[in-house]
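Me: I would like a close look at one part of the model shown here, followed by an account of how that part is set among its surroundings. Please keep the wording careful.

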Amino acid sequence: MQRRTVLIAILALLLLVPPAADAQKPIKVGFPMPLSGPAALYGDPALKGAQLFVEEINAKGGVLGRKIELLARDSKANADEAVRVSRELILKENVDFLVGTLTSAEGPAVSVVAKENKVVFIAPIPKTDQLTAPDKLHPYIFRVAATTTMEGRSIAEIVAKWNVKRIATISFDYAYGQDVTRAFVEHIKRIKPGVEIVDQQWPKLGEADYTPFINAQMAKKPDAVFSSIWGGHFLTFSKQAKPLGYFDAIKYNLIGAGEIASPEATKAMGAEYPVGVWGNSYDAFYWQDAPPAHRDYTARLSKFLKDDAPSSWSIQTYMAMQFLVEAIKKAGSTDSDKVAKALLGLTVDTPHGKLTIRAKDHQANRGQLYGQTARDPKYPFAIMKPMTYVDPTKFMD
Amino acid sequence: MPDLAFLFGQSLSGLTAAMFLFLVASGLSLIFGVLGVLNFAHGSFYMLGAYTTYQIVQWLGRDPGSFWWAALGAAVSIAILGGLIERFLFRHLYGADVLYQLLFTYALVLILSDAAKVLWGTGQLSVSRPPGLTGAFKLWGTFIPYYNLFVLLLGPTIALLFWLLLTRTRNGRLIRAAALDREMLGALGVNVDRLYTGVFVVGSFLAGLGGALIAPVKAVVPGMDVEIIVEAFIVVVIGGLGSFWGTMLGALVYGQVLAFGILIFPRFSIFSVFALMAVVLILRPWGLLGRPLKS
Amino acid sequence: MSGLRRIPWALVLVVAALFVPALGSRFYTFVATDVAILALFAVSLNLLLGYTGLVSFGHAAYFGIGAYATGILMKKAGIPFLLAFPAAGVLAGLFALVFGFFCVRLTKIYFAMLTLAFAQIVWAICFKWNDVTGGEQGMPEIPYPDLAWMERLPLAGQLRTSDHFYLLTVVLVAACLWVLRRIVGSPFGRILTTIRENPERAEFIGVNVRRFELIAFVIAGAFAGLAGGLFGIFNRGVFPDFVYWSKSSEVLIMTILGGIGYFYGPAVGALVLLVLNQQITSYTQYWPFILGTILIVLLFAFPSGIVGALDAAARRLARPRRA
């Protein structure tokens with residue numbers, strides 16, 4: 001009896017049909033994003049940023065008189081799954097647009113889906129150059145994230161001002177790590193010919209024990225290090241590197257790509273943070289010389305997340321949604337082709353000032369905040385001080 | 001040729017990694033030895049151990065001994081959780097095919113990972129090293145963190161205690177007997193049910209302890225459950241499933257292969273451990289110190 | 001009752017499946033393609049799991065090898081599907097032969113772990129070998145096979161490319177399942193069952209257990225490869241995740257969920273799991289929790305899988321009538 005009930009329940013679930021479309025149709029935006037596993041660390045706040053924007057725009061009556069509906073799906077930081085959920089969003093939920101993905105594998109994979117289905121896709125976080133490379137570019141893909149080239153070069157610009165000669169690198173051995181490291185190495189050699197790359201370590205993505213790599217690197221006696229060990233991995237890395245005297249040996253001349261100076265990274269690490277290293281972040285709630293819109297945005301985000309030190313990742317999806325909605329307004333339509341055209345060369349007033357999606361490569365001139373980390377009596381965790389917004393416009397090509 | 005100090009440093013880091021792995025893998029091996037099932041959820045217990053440690057440290061605040069209480073509290077809570085799962089769920093599957101038991105433990109992995117997500121969110125959490133063990137000292141040209149030294153000493157201590165438990169106590173002897181012949185033990189009037197629950201509790205305790213002790217050197221994040229379980233599987237399989245010293249040997253080999261693998265094949269650390277497992281299994285089908293399974 | 005039994009249900013199902021695109025929903029075609037391909041994948045695994053009694057933790061290796069084989073041949077070498085598709089089966093079968101040679105020397109959990117080790121090595125190669133596999137970013141944009149000829153078929157002329165590919169998939173999967181069905185029903189298949197029931201006795205009556213296990217392993221691998229070849233095209237790209245152990249566990253769950261004691265059990269498992277996933281992920285991101293709960297309920301309520309439960313229910317219904 002009990003078995004039959006369960007069986008019937010399963011069958012009933014199977015027979016559920018896709019929810020029917022109602023009369024006053026909202027504009028549907030599909031949002032594939034890692035919401036489980038280690039990458040949910042970024043995917044979760046990224047979702048919140050988009051949700052905040054949608055809440056705000058809907059409160060103002062939406063766009064073209066229609067509300068926006070965000071449909072988030074867990075892409076598990078996995079290209080295969082990202083493709084599956086994106087197609088499901090397009091085919092089953094009939095989404096009008098796609099915003100999302102996080103990793104350098106997910107972005108290009110979903111881009112192909114967008115191209116085949118002629119759906120505008122704005123990538124807020126994937127950095128791989130491949131996504132908007134000339135042979136991969138198509139009318140429907142746009143990006144508001146920095147690229148590996150922009151990030152690597154921004155860091156090279158900073159390191160060029162340091163009084164160092166022997167530089168080492170440590171990065172994960174996969175597309176993002178390789179690309180951002182290459183961009184850094186090529187640019188620094190160009191702008192500061194005297195430097196020497198003395199060591200390059202390539203731990204595997206998600207390495208649990210960095211000690212062997214740290215030992216090997218210290219043996220080469222570098223005086224500065226470029227790292228792209230990102231996010232939560234940097235926490236593990238520095239926990240293991242600190243007692244080995246790694247940071248002292250290089251006099252804290254480490255600069256990290258991959259948002260290691262973001263408020264959530266320094267907050268999570270608290271007292272363990274190797275204060276004095278350099279890093280970057282997409283956003284910082286404590287940004288003093290920010291454009292005026294930033295303070296307002298931070299206050300709203302803070303309220304939305306119920307967090308005094310809100311995440312730096314939400315801004316990326318917030319901006320992506322801003323670009324989308326501005327383009328819809330400009331096009332006066334939700335037709336993908338019209339919106340795609342409207343996005344070309346579109347300038348939007350974001351919380352970080354005016355940003356433009358270039359017509360030639362569909363890439364926004366999105367910079368990041370860079371700075372040296374320091375303690376500040378106002379906060380129980382390290383912040384970037386001083387901190388500058390590095391505008392990549394000069395070296396995007 | 002790298003200098004000796006460097007080689008010493010590498011081998012030491014391999015040894016530390018081995019001790020962490022041993023803590024987790026020994027529990028896995030124990031449960032397999034007695035119950036005959038690979039417990040996928042062992043990695044989840046390890047992860048919950050790390051999260052629980054973080055939680056208790058938060059509750060205790062700035063108390064200097066907070067980490068130690070937290071580690072103990074976490075290991076005990078996970079032991080209780082393991083015991084409850086065995087007593088109320090797993091027990092009913094002993095008669096079923098091994099495949100179903102595996103599936104059950106896999107289902108637990110899914111449920112517990114989402115439970116951790118609900119309880120602690122998706123952010124990265126950090127536990128500080130206990131006061132007194134934060135620094136490092138220099139030996140033969142290599143920095144050795146005090147905490148690593150502690151783990152290096154704790155590993156063998158637990159191994160020894162465990163071995164004494166298995167060989168010198170009645171329960172230990174029963175556990176070893178159960179690994180050889182369960183039916184016989186039941187026929188001799190031993191309360192096999194209680195023994196099994198006990199084994200599950202001890203195994204889960206070790207997983208929880210492993211998670212608690214790794215917390216100060218690793219970010220506590222979602223996904224650490226599946227990351228460790230694959231490593232722990234490799235260790236117990238290399239050593240020989242159910243073999244106590246085999247697990248120790250497997251962990252030691254694993255640690256050294258990782259530490260020196262990056263010197264010989266710098267960019268192939270992603271292969272090295274799986275290649276190691278394949279080679280060991282091809283040459284020694286029951287692991288280094290294991291014995292053939294009964295059919 | 002006997003009248004019902006005489007109807008060739010499998011054929012009816014295939015014909016019915018061919019009409020899915022006629023429903024006019026691209027989504028239904030999408031789901032049906034997914035189900036058909038994964039059903040083949042799961043049934044191929046069951047040749048090992050249910051029929052031979054071998055638990056493989058690394059079946060995704062052969063699925064992935066097939067996907068990469070077809071993908072690379074079609075995208076990079078421009079070789080037509082007609083050759084690239086069988087190549088997936090051949091290559092996956094060859095790899096299964098090499099890996100299986102070592103695996104069948106081992107028993108039980110050690111067998112499982114060695115299959116896992118080989119699968120992870122394959123995964124690492126796919127993840128690393130940028131020039132050939134595209135590395136971690138995989139190979140997006142595998143072209144569809146040239147199916148323009150389908151436009152001349154009656155009824156199929158108005159359909160989209162993805163619908164044409166679906167029709168091709170249904171025919172190919174049905175053919176593969178038919179071959180597999182013949183294999184398990186043959187004397188060879190009965191020897192496999194004997195090995196599962198009692199390897200010692202099989203050895204005693206003169207069966208070379210290892211050789212038969214190896215043959216089963218190669219066949220299972222080859223069919224998994226064919227499934228992979230189709231999946232790469234369907235998924236519009238081949239990625240290292242296809243080979244990762246989580247994919248192996250996914251297909252293992254499908255197979256057990258459907259019922260390893262039934263030929264079509266794994267196919268039903270694939271259907272149920274995929275459709276449940278579609279429905280539930282629309283409402284909550286806690287799909288793992290729900291899947292885990294479903295698995296536990298199933299283990300305790302229907303240990304012989306969904307098809308086992310349906311079978312038992314059908315028998316119970318049939319009994320009073322006979323009396």
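Into which domains is chain A divided, and which residues belong to each?

Reply: This is a predicted model, in which local features need pLDDT of at least 70 and side-chain atom pairs count only at pLDDT 80 or more, while totals for chains, interfaces and linings use all residues. Residues are numbered from 1 along each chain as its sequence is written, and chains are lettered from A and ligands numbered from 1 in the order in which they are written.

Chain A is divided into domain 1, which takes residues 24-146 together with 299-356, and domain 2, which takes 149-286 together with 368-395; such bounds come from an automatic or database domain assignment. The C-alpha centres of these two domains of chain A lie 28 Å apart. Across the boundary, 16 residues of domain 1 of chain A are in contact with 20 residues of domain 2 of chain A, where contact requires C-beta atoms, placed from the backbone, to lie within 7 Å. On the side of domain 1 of chain A that touches domain 2 of chain A, helix H2 (40-59) and helix H12 (314-331) of chain A each supply at least two residues (helices are DSSP runs of H or I, at least four residues, numbered from the N terminus). That side of domain 1 of chain A consists of eight nonpolar, six polar and two charged residues, with Ala, Val, Leu, Ile, Met, Phe, Trp, Tyr, Cys and Pro counted as nonpolar, Asp, Glu, Lys and Arg as charged, and the others, Gly among them, as polar.

Chain A also meets a neighbouring chain, since 33 residues of chain A are in contact with 32 residues of chain B. To the side of chain A that touches chain B, at least two residues each come from H2, helix H7 (211-218), helix H8 (231-241) and helix H10 (263-269) of chain A. H2 of chain A therefore contributes to the side that touches chain B, as well as to the side of domain 1 of chain A that touches domain 2 of chain A. The side of chain A that touches chain B holds 16 nonpolar, 10 polar and seven charged residues.

Chain B is in turn touched by chain C, in a contact that takes 33 residues from chain C and 30 residues from chain B. Helix H6 (108-128), helix H10 (199-204), helix H12 (245-258) and helix H14 (287-301) of chain C each supply at least two residues of the side of chain C that touches chain B, and H6(C) gives the most, with 12 residues. By class, this side of chain C comprises 24 nonpolar, five polar and four charged residues.

As to confidence, the model scores ipTM 0.86 and pTM 0.89. Chain A averages a pLDDT of 89, with 94% of the residues scoring at least 70, pLDDT being the predictor's confidence in each residue, from 0 to 100. The mean pLDDT of chain C is 89, and 96% of the residues of chain C reach 70 or more. Over residues 16-23 of chain A, however, pLDDT stays under 50, and the model has three contacts beyond four places in sequence for this stretch. Where pLDDT is low, the predicted coordinates should not be read in detail.

Terms used
Two residues are in contact if their C-beta atoms, placed from the backbone, lie within 7 Å.
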